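Subject: Structure handover and findings

Dear colleague,

Please find below the structure for your review. A summary of what was found in it follows.

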Amino acid sequence: MSVFANMSGKQKTLMQTLAVVVFMAGLGWASVPLYDLFCRVTGYGGTTNTASSAGDVILDQTMRVRFDSSVERDFPWDFKPVERTMEIRIGDTGLAFYEAHNPTDQPIAGTASYNVTPYEAGRFFTKIDCFCFELQVLQPGETVLMPVTYFVDPEIVDDRDAKAVHTITLSYTFHATDIPEDYTPPAEVVTN
C-alpha cells in the first residue's frame, strides 16, 4: 500500500515538496566533498595530488615550474617565493621555499589555498610535503621560510591533454585564520 494512499491532494503535494526540499538539501550538503573528490581524482581546477615520496622513474625531460604568491585583501603578511622558477627533471623531487613575514605587532594566523595551472597538469603535480597542509602562525616581526617538496609525475608525458605542457605554475594565496585557543607559541622566535 502506498504511503500517499490515505492523504488528501494538499497533503500529498506538501509531502512531495518536503521530499524534494530534503533531497536538494542533501545534494547541497554533499556537493562540496563530492566536488573536492572529483577535483583530486581528475586534477580539475588545478587540484594537486599528495604522496609520501616520489616514484622511481626519473625522465631526462624537464619541466619548468613557476611559483606564484598572493595574500587575501587586508591580510598583512608579506608573502613571496624565494625562487620564481625552477627547472626540474620529470619524476625527480623538487624543493622550493616561500618566505612569509609578519610586519605587525601581533601574532597572525593564516592558511594557504593553492592551485596549479594549466589545469590539465594538476593531477600530475604531486606534493610530498607542504606548508599548505597546516595552519601557520607568525609572531610579531617574524620571518619564516616555508618549504614545499614536490615532483611532476612522469605519466604527464603520455597524457593526451597534458603532454604539451612545458611550464607548470604553482600558486598560493594566504587567508586570515583565527588562532586556535589551544595554540602555544614557540619558546623562542627569531625575528629579522
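Strand β9 is largely enclosed by the rest of the structure, because seven of its 10 residues are buried. Please note that this is a predicted model.

Two pairings of β9 may be reported. Strand β5 (residues 94-101) runs antiparallel to β9 and is joined to β9 by eight bridges. Within β9, Val144 is the residue that stands opposite Ala100. Strand β7 (residues 125-130) also pairs with β9 in the antiparallel sense, over five bridges. Here Thr126 has Phe151 of β9 as its bridge partner.

The loop that lies between β9 (143-152) and β10 contains Asp159. Is Asp159 buried or exposed? With a relative accessible area of 12%, Asp159 falls under the 20% limit and is therefore buried. When neighbours within four places in sequence are left aside, Asp159 is in contact with Arg123 and Phe124. With Arg123 there is a polar contact between the two side chains, at 2.4 Å.

A second topic is the open sheet. Five strands form this sheet, in the order β4-β2-β10-β6-β8, and their pairing is mixed. Its edge strands are β4 and β8 (136-138), each of which pairs on one side only. From one strand to the next, the twist averages 30 degrees.

Both kinds of pairing can be seen at strand β2. Strand β2 (residues 62-71) and strand β4 (residues 85-89) run antiparallel and are joined by five bridges. In this pairing, Thr62 has Arg89 of β4 as its bridge partner. Strand β10 (residues 167-177), by contrast, runs parallel to β2, and eight bridges join the two. Arg66 has Thr169 of β10 as its bridge partner, while Phe67 stands opposite Leu170 in β10. As general background, side chains in a regular strand alternate between the two faces of the sheet.

The aromatic residues form the third topic. A search of the whole structure gives 14 aromatic pairs. One of them is formed by Phe75 and Trp77: the centres are 4.9 Å apart, the planes are at 55 degrees, and the pair is tilted. Phe75 and Trp77 are both buried.

Why does the pair of Phe79 and Phe174 count as edge-to-face? The ring planes stand at 85 degrees, with the centres 4.8 Å apart, and planes over 60 degrees apart are classed as edge-to-face. Phe79 belongs to strand β3 (residues 78-81) and Phe174 to strand β10, so the pair ties together parts that are 95 residues apart in sequence. Phe79 is buried, at a relative accessible area of 9%. Phe174 likewise counts as buried, at 0% relative accessibility.

These four residues belong to one aromatic cluster, whose members also include Phe67, Tyr98, Tyr114, Phe125, Phe131, Tyr150 and Tyr172. The cluster thus has a member, Phe67, that also takes part in the pairing with β10 described above, opposite Leu170. Another member is Tyr114, and Lys127 lies over the face of the Tyr114 ring, at 3.0 Å from the ring centre.

Yours sincerely

How values were computed: Residues are numbered from 1 along each chain as its sequence is written. This is a predicted model: local features need pLDDT of at least 70, side-chain atom pairs count only at pLDDT 80 or more; totals for chains, interfaces and linings use all residues. Side-chain values use heavy atoms; hydrogens and water are left out. Two strands pair if DSSP finds at least two bridges between them. Helices (H or I, at least four residues) and strands (E, at least two) are DSSP runs, numbered from the N terminus. Axes are lines fitted to C-alpha atoms, for helices over the stretch in contact, and angles run from 0 to 180 degrees between N-to-C directions. Rings of Phe, Tyr and Trp (its six-membered ring) pair if their centres lie within 6.5 Å; planes under 30 degrees apart count as stacked, over 60 as edge-to-face and the rest as tilted. Buried means under 20% relative accessible area, exposed over 50%, partly exposed in between (1.4 Å probe, protein chains only). A charge sits over a ring if NZ of Lys or CZ of Arg is within 6 Å of the ring centre and within 35 degrees of the ring normal. A polar contact is a pair of N or O atoms within 3.5 Å; within protein, one must be able to donate a hydrogen and the other to accept it, and residues adjacent in sequence count only if both atoms are side-chain atoms. Contact means heavy atoms within 4.5 Å.
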